[in-house]
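Reader: I would like a close look at one helix and the part of the fold around it. Please keep to geometry, and state each cut-off as it comes up.

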Amino acid sequence: MTVIHHEFANATAIDSPLDIRPVAGRIGAEIRGIDLGRDTEDPATLAAIRAALLRHKVIFFRNQDGLDDAAHEAFAARLGEPVAHPTVPVAPGSRYLLDLESKEGEAASSWHTDVTFVPAYPQASILRAITVPDAGGDTLWANAVAAYETLPTPLRVLADTLRAVHSNLYDYAAARPQAVSSEASRHYHEVFTSTVYETEHPVVRVHPETGERALLLGHFVQKLVGLRQADSQRIFNALQEHATLPENTVRWRWQPGDVAIWDNRATQHRAIADFGKQARHLRRATVAGDVPVGLDGRPSRAIKPEPAGHAAAA
């Protein structure tokens, strides 16, 4: 299996038929001249987009104004198996799309990887901009592979052995922007945590397609297994701060009609809540992923809800 090292991740592939323009040094590229609703019906074009995604970790497309909800879902289905969010209702009239509609400066403004509180969290996310602020509301992505590869050796050796518990009790989607009263805030929190999920993941996962090693962290992490809470927090902070160093990141300034696709197995991301009272409305599709495996070969495991048959076997 070929491993793509981070120092080459943003070099344009000479054999790609796509017009690829790297955006930052270690992560992110814009692909020009593609209509995601029409051109991706061609298997060769779709395969080239998938290859670019694996290489650059997040890819951007401007001027996708023809991509409505139905076309958005159809494109997600060409990439893999679309899945809805486990607890948040889908956008009106859609089957899989999650509404990310923010006002009063609210957004997913902490670093995370989507839905890591379940064992087989999504492999990819496809985010489409509908309404964006005149200024502000950018999104950042961090390369979790580059983060691992640039860790100091003592920290990398430690990370290789660690496992972490992720939970949905701290998800940004719980605080919906319409929830302006404490009662409404509690209601939306109850919706998001209507089922509480906890999953134990390796802190370093092996990417199933590239063989790369990536740090699996973000704001869903509750604790590192086998450590006191204070020690867990210190170690998590050290790893998380390294993962999101500016050198490992790319920043995208949204325009209406933009689409961003990211490899959710190899990145973290966050929005920047700096847009005051301006509206910001995006919709996201996600594609089903696999259960991560650590360097020791152990897969992730569900803690809550208990796996089927677990209670009976106990």
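Which sign does phi of K57 take just after α1, and about how many degrees is it?

Author: K57, just after α1, has a positive phi of about 80 degrees. Most residues other than glycine have a negative phi, and most peptide bonds are trans.

This is a predicted model, so local features need pLDDT of at least 70 and side-chain atom pairs count only at pLDDT 80 or more, while totals for chains, interfaces and linings use all residues. Residues are numbered from 1 along each chain as its sequence is written, and side-chain values use heavy atoms, with hydrogens and water left out.

The chain's secondary structure comes to seven helices and 17 strands; these are DSSP runs numbered from the N terminus, helices being H or I of at least four residues and strands E of at least two. Of the 314 residues in the chain, 53% are buried, meaning under 20% relative accessible area with a 1.4 Å probe and protein chains only, where exposed is over 50% and partly exposed in between. Among contacts (heavy atoms within 4.5 Å) between residues at least 6 apart in sequence, 82% join residues at least 24 apart.

Now α1. The helix has 14 residues, which should span 20 Å at 1.5 Å a residue, and its end C-alpha atoms are 20 Å apart, so the two agree; the expected span is 1.5 Å times one less than the number of residues. T45, L46, A48, I49, A52, L53, L54 and H56 are the buried residues of α1. They pack against β1 (19–22), β2, β3, α2 and β14.

The neighbouring helix α2 can be described in the same way. Its buried residues are D69, A71, H72, E73, F75, A76 and L79, and these pack against α1, β4 (82–83), β6, β14 and β16.

Next, the core. The largest nonpolar core holds 26 residues, of which I31, L36, I59, F61, I126 and I261 touch the most other members; such a core is a set of buried Ala, Val, Leu, Ile, Met, Phe, Trp, Tyr and Cys residues joined through side-chain atoms within 4.5 Å. At least two residues of this core come from each of β2 (29–32), α1 (43–56), β3 (58–61), α2 (69–79), β6 (124–131), β14 (259–263) and β16 (280–287). With five residues, α1 gives the most to this core.

I261 leads back to the turn after the helix. Neighbours within four places in sequence aside, I261 is in contact with L53, K57, V58, I59, F61, F75, L79, S125 and I126. K57, the residue with the positive phi just after α1, is thus one of the contacts of I261. There is also a second, separate core, with 17 residues, L98, V250, W252 and L282 among them.

Two further residues have a positive phi without being glycine. N63, in the loop between β3 and α2, has phi near 60 degrees; it is exposed, with a relative accessible area of 59%. V115, in the loop between β5 and β6, has a positive phi of about 60 degrees, but is buried, with a relative accessible area of 7%.

V115 also belongs to a cavity lining. The structure holds four cavities of 30 Å³ or more, a cavity being a set of points on a 1 Å grid over the protein atoms alone where a 1.4 Å probe fits but cannot get out. The largest cavity has a volume of about 50 Å³, taken as the space filled by probe spheres set on points joined across faces, edges and corners. Its lining, residues with an atom within 4 Å of a point, is V83, A84, H85, Y96, L98, V115, P122, R284 and T286. L98 is also a member of the second core.

Other local features can be listed briefly. K304 and P305 are joined by a cis peptide bond, with omega of about -15 degrees, and P305 lies in the loop between β17 (301–304) and α7 (310–313). S102, in strand β5 (residues 98–102), is buried at a relative accessible area of 8%. Its C-alpha atom is separated by 9.0 Å from that of K277, 175 residues apart along the chain. E247 is in the loop between α6 (229–243) and β13 (249–252) and is partly exposed, at 48% relative accessible area. The C-alpha atoms of E247 and R26 are separated by 7.2 Å, with their positions 221 residues apart along the chain.

Conventions:
On a 1 Å grid over the protein atoms alone, a cavity is a set of points where a 1.4 Å probe fits but cannot get out, and a pocket is an open set with protein on both sides within 12 Å along at least five of seven lines; lining residues have an atom within 4 Å of a point.
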